[in-house]
There are 2 protein chains.
Amino acid sequence: MPRFSKAVSSLRSSEIRDLMTLASRPDIISFAGGMPGNDLFPVSEVEELFRNLDMRKKQAAFQYGPTHGLPSLLESLRGFLEKKGLPVHDNRLLVTTGSLQAISLLAKAFIDPGDPVIVENPCFIGALSSFKSHEADLRGIAVDSEGIAIDELSGEIRRTPHAKFLYITPYFHNPAGLLYSGERKESLVSALQGRDIPIIEDDAYGDLYFHPEDAGRLKPLKAINPEGIDICYTGSFSKILGPGLRLGWMLVPEEIYCKCELIKQSADACSPSYTQVLADEFIRSGLIYPYIEKVRQEYQTRANAMVAALKRSMPDYVRWNDPRGGFYLWLTLPEGTDSTEILKLAIEGGAVFVVGKTFDPAGRSNNTMRLSYCNNSPAEIEEGIPVIAEAVKMVCG
Amino acid sequence: MPRFSKAVSSLRSSEIRDLMTLASRPDIISFAGGMPGNDLFPVSEVEELFRNLDMRKKQAAFQYGPTHGLPSLLESLRGFLEKKGLPVHDNRLLVTTGSLQAISLLAKAFIDPGDPVIVENPCFIGALSSFKSHEADLRGIAVDSEGIAIDELSGEIRRTPHAKFLYITPYFHNPAGLLYSGERKESLVSALQGRDIPIIEDDAYGDLYFHPEDAGRLKPLKAINPEGIDICYTGSFSKILGPGLRLGWMLVPEEIYCKCELIKQSADACSPSYTQVLADEFIRSGLIYPYIEKVRQEYQTRANAMVAALKRSMPDYVRWNDPRGGFYLWLTLPEGTDSTEILKLAIEGGAVFVVGKTFDPAGRSNNTMRLSYCNNSPAEIEEGIPVIAEAVKMVCG
C-alpha cells in the first residue's frame, strides 16, 4: 500500500471524466466540452508552414529548448501581445505547457497548505483543481453579469488580508460566459489597492469577442497596469490555434517569473519545441489574425444558434448570460433545482452538459448548468437544446 | 514583494543555465548538454508520416486528448514496451510531458515536506530538482561500476525505514554512464524486500546499448517484476525520437497511476496531442526500430572517439567509466580536485562540460566531471578533449 503525500491523499477523481467518455459517443450531442470544433483547426495551413521551413529549424523542433520558451516564439509572441497593449518589455514572458500549466506554476509559487486563495464562484475547474492540489483554502466570491461582486470581495479581503492571490477570468468567463464591465474592473483595482494580493488574470478567451465595440472592456488589467498591484497575466494558444499543441504563457513581474521558471525546470524542463515552432510560424506568417477573425465569426454563429434554440424551447424561468464571446452559456434555474437530475434525463434523451456544482469552489450550488456551443454545428444545437429543455421541464415543471 | 510559498522560497537558479548559454556559442565545443545530435533526428520521415495521415487524425493532433494519453499511442506504446518484457497488462500506462514530468508527478504523489527520499550519488539533476522542489530530505547513496552501493543502501534503509521511495537510473546512468550488473539488481531487490519503499526506475537511455550481449543486464526491474515491491517505471521518447516532442511515460501499479493522473489533470491537462500523433505513427510504421539501431551505432562511434581522445590526452590519474551505451562519460579526478577550476580554464580554451557537484544531492563532491559525447562529431571530440585535458593538467599537475 503506497504511502501517498498529504496533498494528494484527498484528491478524488471528478465526475467530469465519465461525462467526457459519454460525450464522445456518436449517439450523444455534447454541450459539455470546452474544446474548439475539430473542423475549425488550421491543419493544412500549419502543415504547409512547417513544410516550408529550412532543415535547421525543423531539427530544432525535435530538440530541447530553453525552459522559458524558444527565443523566436518569445519574440513573435511579444509582438502578438504588444498589440493588446500588454507591457511586454517591463515584464517577463514564460511559455508554458498550456495556460493550465501557467496557473499550476503560479499555484506552486504562492500556495502553502492552508493558505487562503480568492476565486470567482463559479470558477474554471482546472484552476480549482490546481489550487486544491496545493491544499489552498478556497474563498469563492459570487459573480454577476458585470463581474466579481465587489462588496463580497472587499469583505473577504478585510477578513483574509493574507490571501495569496485573487484568480479571475474577466473575458468570457469559463463557465459563466460573462465579460467584465470597465467599471467593475476599476472597482476591483480599487478594492485591491494597498493590499499585498497579486491577481492572476486568466485571458484564455479574450480574442473570441463577437462585438468589436467591446474592445474597451477587453483591455486586460495587465495592460491597464494599475500602480502597486502585481498582475500575473496568463493566456493560451488553445482557442486561437489548437489545444493539442499544449502552449500557453504567463506575462509576469521579474521576481515571479524567476520562481515559476525554476519550478518549470523540474516540472517538464521545457514546453514542446515542435509545437512552439508551429505557433511561432503561425504568428510570423500573419495567418493567426485572419484565423482568429474566422473562428470569432463561427463561434458567434454557434452562440446565436444556441440562444435562438434556448428561446424557442426553454421555459420562462430559465435565465442565461448574453454571450458576447467565448465558448459558454451559463443557465440559471430556480433556486433549489438539482441540475444533476436534469443531466440524467438529458443523457437518456441523447444530450449532455456540465452541472453547475462542478465549478463551485465548495462543490455545492447546483441550480446552474454550463452549455458549450463551441463544438457543435447549428443543426446539432437545434437538435440537442430541445432535449435539454424537455429534461428541465420534467424536473422543474 | 510577493509572498512565495515555503517550497519555492529556497529555490535558486542553478549554474547549469549559464553553462548552456555558453554551450550554444559557435566558438565553444560543448560536451555539456545531454541532448541528441540535431543531425540525427528523423525529420523527413516524421514529416512524411504526418503528411500521409487522413484529415480526421490530423485534426485530432490539434485537439485536447485524454489526460492519460491518446488511445492509439497508448496501444502502440504498450506494444513497444511489451517487447522489453514489461508487464503492460498488469499495470497502467500514463503518457507524460517528457519523462521528467513522470518523475515530477511521482514526487508530488509521494513527498511531503521533510520526507526522506533515497537517490543515487551522483544523480540526474532533473530528478534532484524535482525532489527538492517538493522539499524532500535527500539521502544520496554512492554508485560504483556495477550500480548502487548495497551496503550503504541497506544501512540507509535501516536508518530510514520510512523513505518515500528509491530513485535509480540503472541503464546508462546520467551522469555516471554506468550499467547495473544483473547481480547488483538482485542484491538491490533483496535489500528492498519486505520494506514498504517503492522504486522509481528511470529507463530513459536503455535502448541506446552498444553491445547486444548486455541484453540480460538491460532487462528492467519492472520486467523482472519482483514480488512485493512497487516499481514505477519511467521512460522517454527524448532519446529515441526527439526531446522537442516532450513525451515520456510511466508504467505503474493502478493505485499510483490514479493519483498521478489526477495530479496531471491540474498540471497540464494532457500531453501534446500533436507530438503524440507523431510518436504513435513513428512506432506503428515500424520506423522506430531501424532508427534506434542507427542512433545506437552513431552514439557508439562518438563514445569510441571520446574514449580514444581521452586515452591520448588525459593524464594517468584521470579515470572514467567504460561506456556501454547512453550519452555520458564520467571522469573522476584525484580526491580534492575542484572541477570548477578546470571548467574555467576549459572555457578559455573553448570547451565546456558539467562539473560533478551539479549531480551530488548535497552539492559538494566536485572531483568529477560529466562529458557528453551525444551531440558532437568525432572531429569535434578530437578537437575539444585536448582542451579539457590541458585544463586538467594545469589544475592537477
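Here is a short conversation about a predicted model with chains A and B.

Colleague: Happy to look at this with you! How far apart do the C-alpha centres of domain 1 and domain 2 of chain A lie?

Modeller: Let's begin with the division itself. Domain 1 of chain A covers 6–41 + 296–396, and domain 2 covers 43–284. Their contact takes 28 residues from domain 1 of chain A and 29 residues from domain 2 of chain A. Between the C-alpha centres of these two domains, the distance is 25 Å.

Colleague: Which element supplies the largest share of the side of domain 1 of chain A that touches domain 2 of chain A?

Modeller: Three elements of chain A each supply at least two residues to that side: α1 (6–9), α14 (288–313) and β11 (328–332). By class, this side of domain 1 has 17 nonpolar, seven polar and four charged residues. The largest share is four residues, and the element supplying it is α14(A).

Colleague: Now to the two chains. Which helix gives the most to the side of chain A that touches chain B?

Modeller: In this contact, 59 residues of chain A meet 59 residues of chain B. The elements of chain A that each supply at least two residues include α4 (55–62), α6 (99–110) and α7 (125–133). With eight residues, the one that gives the most is α12(A).

Colleague: And how many residues on that side of chain A are charged?

Modeller: We can sort the residues of the side of chain A that touches chain B by class. There are 26 nonpolar and 21 polar residues. The charged ones number 12.

Colleague: What kind of axis relates the two copies?

Modeller: A turn of 180 degrees, with a shift of 0.0 Å along the axis, lays chain A on chain B with an RMSD of 0.0 Å. The same surface serves both copies, as 100% of the contact residues of chain A recur in chain B. From the turn and the shift, the copies are therefore related as by a two-fold rotation axis.

Colleague: Lovely. Which strands are at the edges of the open sheet in chain B?

Modeller: Four strands of chain B make up this sheet, with antiparallel pairing, in the order β10-β11-β14-β13. An edge strand pairs on one side only, and that is the case for β10 (319–320) and β13 (354–355) of chain B.

Colleague: One last one: which residue in β14(B) stands opposite L331(B)?

Modeller: Strand β11 (residues 328–332) of chain B runs antiparallel to strand β14 (residues 368–372) of chain B, and five bridges join them. Opposite L331(B), in β14(B), stands M369(B).

Definitions and conventions. Residues are numbered from 1 along each chain as its sequence is written. Chains are lettered from A and ligands numbered from 1 in the order in which they are written. This is a predicted model: local features need pLDDT of at least 70, side-chain atom pairs count only at pLDDT 80 or more; totals for chains, interfaces and linings use all residues. Domain bounds come from an automatic or database domain assignment. Two residues are in contact if their C-beta atoms, placed from the backbone, lie within 7 Å. Ala, Val, Leu, Ile, Met, Phe, Trp, Tyr, Cys and Pro count as nonpolar, Asp, Glu, Lys and Arg as charged, and the others, Gly among them, as polar. Copies are superposed by least squares on the C-alpha atoms of residues with pLDDT of at least 70 in both. Two strands pair if DSSP finds at least two bridges between them.
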